[in-house]
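Got the model open in your viewer? Keep the selection box handy, and we'll walk through it stop by stop.

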Amino acid sequence: MKKLNLLVIMAILTFSNGISQDIILPEPDREGGIPVMLALNLRHSSREFSPEKLPLQVMSDLLWAACGTTRGSYRTAPSARNFQEISAYVVTEEAVYLYHEKDHYLERLVDGDYREFTGTQPFVKDAPLTIVLVADHSRMGNTTGAARTAYAWADASYISQNIYLYCASADLNTGVRALVDREVLAEKMQLGEGYEIVFAQCVGYPVK
Ligand SMILES: Cc1cc2nc3c(=O)[nH]c(=O)nc-3n(C[C@H](O)[C@H](O)[C@H](O)COP(=O)(O)O)c2cc1C
């Protein structure tokens, strides 16, 4: 009994120290935003970001728009053969997180600020967050060769465009990047074998 009490106390202390530090996102706003034609007209790439952090509700809406769950087990973005092999990782000043779209939360994976490694251009360290789109090849069944890469890059592109349209609607700056040192970033993010970084995409407020 004493042992059990000790375990409970340790769990409480761990939690209150914030060691777990997963981020539970609020419910996303699935009905808001500007008309889609206006968002298309406003969409653009930015290379300047204010360091101001995004409120939790904005992060929630952004990630749901990117690749959140719809119609039960589908997503806001299409995917080849519905593999859903692309995941959104979020790199912030604090840590690297993995977005779990089914339960709509961010799992804290690696402590530390790795934003500077999310691209080869100097502005990448300024944005409060970068979404890194990563393909998990173990989810792509028996697809082989060029089709594997084509599917992963196409599927990531739809998610990227969702991010662009959400940002256009929410007055946020964003820009997708292929210019990424994938080997270095994968090491910093502690990605295992079979994971392929496709794009990185900064999101942040415009500089005032
Ligand atoms: C596949 C892809 C890769 C890109 N990679 C980069 C990049 O590494 N760095 C960058 O600054 N912009 C990158 N861009 C953004 C393009 O330069 C940008 O979309 C283009 O100049 C058109 O501008 P717009 O998006 O404002 O219409 C990329 C765009 C795409 C579609």
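Start by selecting the ligand and the residues around it: His44, Ser45, Arg47, Gln121, Gly175, Val176, Arg177, Ala178 and Leu179. A residue is near a molecule here if its C-beta atom, placed from the backbone, lies within 6 Å of it. Colour this shell by class and you get three nonpolar, four polar and two charged residues. In this scheme Ala, Val, Leu, Ile, Met, Phe, Trp, Tyr, Cys and Pro are nonpolar, Asp, Glu, Lys and Arg are charged, and the others, Gly among them, are polar.

Two notes before moving on. This is a predicted model, where local features need pLDDT of at least 70 and side-chain atom pairs count only at pLDDT 80 or more, while totals for chains, interfaces and linings use all residues. Residues are numbered from 1 along each chain as its sequence is written.

**The whole chain**

Switch to cartoon view: the protein chain has five helices and nine strands. These are DSSP runs numbered from the N terminus, with helices being H or I of at least four residues and strands being E of at least two. The radius of gyration is 18 Å, close to the 17 Å that the globule rule gives for 208 residues, so the protein chain is as compact as a globular protein of that length. That radius is taken over C-alpha atoms, and the rule is 2.2 Å times the number of residues to the power 0.38.

**The sheet**

Now select the strands of the open sheet: seven of them, in the order 1-6-5-4-7-9-8, with antiparallel pairing. Strands pair if DSSP finds at least two bridges between them. Strand 1 and strand 8 (173-177) are at the edges with a single partner strand each, so each has one side without a neighbour in the sheet.

Begin at strand 1 (residues 23-24), which is joined to strand 6 (residues 105-111) by two bridges. Pick Ile23 and you'll find its bridge partner, Leu106, in strand 6. Next door, strand 5 and strand 6 pair over six bridges, with His100 partnered by Tyr105. Four residues lie between these two strands in their hairpin, where His104 takes a positive phi near 50°. Then jump to strand 7 and strand 9, which run antiparallel and share eight bridges; Ala135 has Glu196 as its bridge partner in strand 9.

**The core**

Which residues have the most contacts inside the largest nonpolar core? Select Ala88, Val132, Leu133 and Ile163, out of 49 residues in that core. Among the elements giving it two or more residues are helix 3 (56-67), strand 4 (86-92) and helix 4 (145-169). Helix 4 gives the largest share, nine residues. Such a core is a set of buried Ala, Val, Leu, Ile, Met, Phe, Trp, Tyr and Cys residues joined through C-beta atoms within 7 Å. Buried means 20 or more other C-beta atoms within 10 Å of a residue's own, exposed means 12 or fewer, and partly exposed is in between, with C-beta atoms placed from the backbone.

Zoom in on Ile163: beyond its neighbours within four places in sequence, it contacts Leu62, Ala65, Ala66, Ile131, Thr174, Gln201 and Val203. Contact means C-beta atoms, placed from the backbone, within 7 Å.

**Last stop**

Finally, pick Ala170, in the loop between helix 4 and strand 8. With 19 C-beta neighbours inside 10 Å, Ala170 counts as partly exposed. Try a C-alpha to C-alpha distance from Ala170 to Val58: 8.3 Å in space, though they are 112 residues apart in sequence.

Definitions and conventions
Two residues are in contact if their C-beta atoms, placed from the backbone, lie within 7 Å.
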